[in-house]
Amino acid sequence: MYIAPAVDATAELYADGIATANATAKDSRSVVRNADKPDAGAVDIGWIKLNPNGGIWEQATIGDYNTTRMLSYTDDTNVPFVFMAADTGSTIALPGTAMFSATPSDSALLGWGETVTSRPGDADFHAVGSSVLASEGAVAEQYYAIWEDTAKIDVELSVARLYGADRYGTSRQVSTYEREAANEDTVILASGWDYNFPDALTASVLSGYLNNAPIVLTENDHLSADARAAIVDDLGVSRVVIVGSTDAINADVEAEVVALAGVTTVERIGGVDRQETAEKIFEYIGADHSDTAIIARCCDFPDSLTISPWSVATKSPIFLSDFDLNELTDETKAALAAGGFTRILVLGDENSTPASVYEEAKNAAGLTDEQMVRLGGIDRYETSSIIAEWITSEDRTASERLNWSKPALARGDIHPDSLTGGALQGRDRSVILLTEPTEASSFARPLVEAKNGTITEIRFFGDENA
């Protein structure tokens with residue numbers, strides 16, 4: 001809120017079109033009132049203050065106050081503001097580019113913000129032509145011109161919604177999206193049953209190791225029709241790597257895979273539980289992994305899902321906490337000790353991955369606190385945004401930095417449609433953000449909006465009911 005400038009009383013300029021008689025000698029700006037002529041200093045005049053925020057005003061458009069109700073004013077910071085006046089109680093339409101004779105280099109006016117950081121979609125952002133209430137009296141609301149690089153505005157944005165009739169149909173669409181059979185030789189097959197979700201996520205590093213092999217979901221007691229079609233018809237691969245024990249994907253499914261036309265090699269990587277399966281995946285890839293290990297909660301998917309593209313792109317293994325959530329298995333600690341890791345990411349806050357797990361991981365790998373990175377927020381949605389910002393940060397090296405060119409939005413409360421998305425996003429080195437099912441989360445939306453012009457495609461996993 002800012003003090004509006006006093007209009008020169010001698011100019012006989014109208015405040016609100018009515019001569020305002022008032023017994024008070026001066027208004028709150030100490031401007032002398034006039035009982036016998038239009039009151040140039042009336043406190044009931046409505047104002048807004050416009051900050052050019054790098055633009056240059058078109059003085060011919062501003063004109064004189066009598067005609068335009070606009071007044072140029074330069075304060076002690078040498079910023080040339082413009083004040084717009086209105087009748088008492090009226091609104092003012094925020095102006096467009098005609099107000100400016102010059103704009104910041106290669107920029108276009110998006111609209112007006114109540115702060116310099118306002119962006120389209122924010123509650124404090126107002127489009128050109130929007131009506132805002134003029135502040136009455138001596139105090140004026142300030143609005144900043146919000147500019148955007150025209151190169152970013154001109155980027156054509158496409159939307160890809162990848163879905164099928166159920167989780168297996170969606171898995172087929174996600175795993176085969178923009179893949180040519182001639183370029184694929186391996187599929188990773190994981191269970192689509194709710195209990196077995198961790199195998200598809202800890203297989204992310206395996207996807208990276210196997211040249212960004214797609215991950216396909218199947219029923220655990222028979223090969224789903226969509227999995228069969230993805231393997232044979234869409235991708236035509238010769239090799240299938242099954243992740244999970246025979247409890248996750250039973251021997252009958254494996255026999256069906258062995259019998260598929262064109263499939264010549266079938267392997268299984270599985271342990272007695274999800275933790276051991278993750279450990280065996282790590283053993284399978286041998287020394288061909290990054291120097292970063294990832295620790296995630298064993299019984300929930302959100303944090304592992306968000307990090308999965310980075311796990312694929314960097315070949316960083318994901319390990320899981322034990323079922324009691326407060327410790328790591330001895331086998332996981334042994335893997336951390338033998339892996340030569342120089343950094344460990346701990347996903348989630350201490351309610352998700354307790355300090356005891358953090359300490360066990362640090363001690364097992366022989367690291368210091370400076371080599372440990374906890375990525376966690378108040379809930380799964382904030383954690384997702386924190387992970388996304390970390391893996392795309394300029395602080396990351398070029399080889400481990402992901403981008404915002406093709407972000408995917410995934411539902412944060414259930415996992416089936418998005419389990420195989422990590423392989424797709426890792427292949428394209430772009431992020432997964434979790435969101436609520438009916439609206440973009442308050443954490444995801446600002447991140448996406450801030451990348452306006454960088455994003456060329458937004459992906460959604462699941463149909464509109466998901």
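So, T435: this residue sits in strand β23. Everything I'm showing today comes from a predicted model, so keep that in mind as we go. T435 has a relative accessibility of 10%, which is under the 20% cut-off, so we call T435 buried. Along the chain, T435 and R380 are 55 residues apart, yet their C-alpha atoms come out at 9.0 Å from each other. Hang on to both of those names, T435 and R380, as each one turns up again in a pocket.

Okay, pockets. The largest pocket comes out at a volume of about 330 Å³. Which residues lie closest to its centre? Out of 21 lining residues, the closest ones are L409, T435, E436, P437 and F460. So there's our T435 again, in that central group.

Where does the rest of the lining come from? Three elements each hand over at least two residues: strand β22, which is 403-411, helix α15, 444-450, and strand β24, 457-461. If you want the main contributor, α15 has the largest share, with four residues. Chemically, for those of you thinking about what the wall looks like, the lining splits into 10 nonpolar, three polar and eight charged residues.

Now the second largest pocket. The volume here is about 160 Å³. This pocket has 13 lining residues, and nearest the centre you find D300, D303, S352, D379 and R380. And that's where R380 comes back, the partner of T435 in that 9.0 Å C-alpha pair. By class, the lining of this second pocket has three nonpolar, four polar and six charged residues.

Which elements give two or more residues to that lining? Those are α10, residues 302-314, and α13, residues 380-392. So let's look at how these two helices are arranged. For two packed helices, what you quote is the angle between the axes and the distance between the axes. For α10 and α13, the axes come within 9 Å and cross at roughly 15°. That angle is under 35 degrees, so α10 and α13 count as roughly parallel to each other. And the handedness, if you're keeping score: the crossing of α10 and α13 is right-handed.

There's another helix pair on my list, α11 and α12. Helix α11 covers residues 330-338 and helix α12 covers 355-365, and they pack with their axes 7 Å apart at an angle of about 45°. What do we call that arrangement of α11 and α12? With that angle, the two are oblique to each other. The crossing of α11 past α12 is right-handed.

Next, backbone angles. E178 has a phi near 55°, so a positive value in a residue that isn't glycine. E178 is in the loop between α4, 167-176, and β14, 186-191. Buried or exposed? In between, really: E178 has 47% relative accessibility, so the label is partly exposed.

R429 is another one. Phi is about 55° there, positive again, and R429 is not a glycine either. R429 lies in the loop between α14, residues 421-427, and β23, residues 430-435. At 25% relative accessibility, R429 is partly exposed.

While we're in that loop, look at D428, which is placed between α14 and β23 as well. D428 has a relative accessible area of 18%, so D428 counts as buried. In space, D428 is 8.5 Å from A313, C-alpha to C-alpha, with their positions 115 residues apart in sequence.

Last stop, helix α9. This is residues 274-285, and E283 is in there. E283 has 55% relative accessibility, over the 50% cut-off, so E283 is exposed. The C-alpha atoms of E283 and P317 are separated by 10.0 Å, and those two are 34 residues apart along the chain.

Y284 is found in α9 too. With a relative accessible area of 26%, Y284 is partly exposed. For Y284, the pairing I have is with I269: 15 residues apart along the chain, 7.8 Å between the C-alpha atoms.

So, to pull it back to where I started: T435 is buried, and T435 is among the residues closest to the centre of the largest pocket. R380 lies nearest the centre of the second largest pocket together with D300, D303, S352 and D379. That's the tour.

Note on methods. Residues are numbered from 1 along each chain as its sequence is written. This is a predicted model: local features need pLDDT of at least 70, side-chain atom pairs count only at pLDDT 80 or more; totals for chains, interfaces and linings use all residues. Side-chain values use heavy atoms; hydrogens and water are left out. Buried means under 20% relative accessible area, exposed over 50%, partly exposed in between (1.4 Å probe, protein chains only). On a 1 Å grid over the protein atoms alone, a cavity is a set of points where a 1.4 Å probe fits but cannot get out, and a pocket is an open set with protein on both sides within 12 Å along at least five of seven lines; lining residues have an atom within 4 Å of a point. Grid points are joined across faces, edges and corners, and a volume is the space filled by probe spheres set on the points. Ala, Val, Leu, Ile, Met, Phe, Trp, Tyr, Cys and Pro count as nonpolar, Asp, Glu, Lys and Arg as charged, and the others, Gly among them, as polar. Axes are lines fitted to C-alpha atoms, for helices over the stretch in contact, and angles run from 0 to 180 degrees between N-to-C directions. Angles under 35 degrees count as roughly parallel, over 145 as roughly antiparallel, 65 to 115 as roughly perpendicular and the rest as oblique. A crossing is left-handed if the near helix is turned anticlockwise from the far one by less than a right angle, and right-handed if clockwise.
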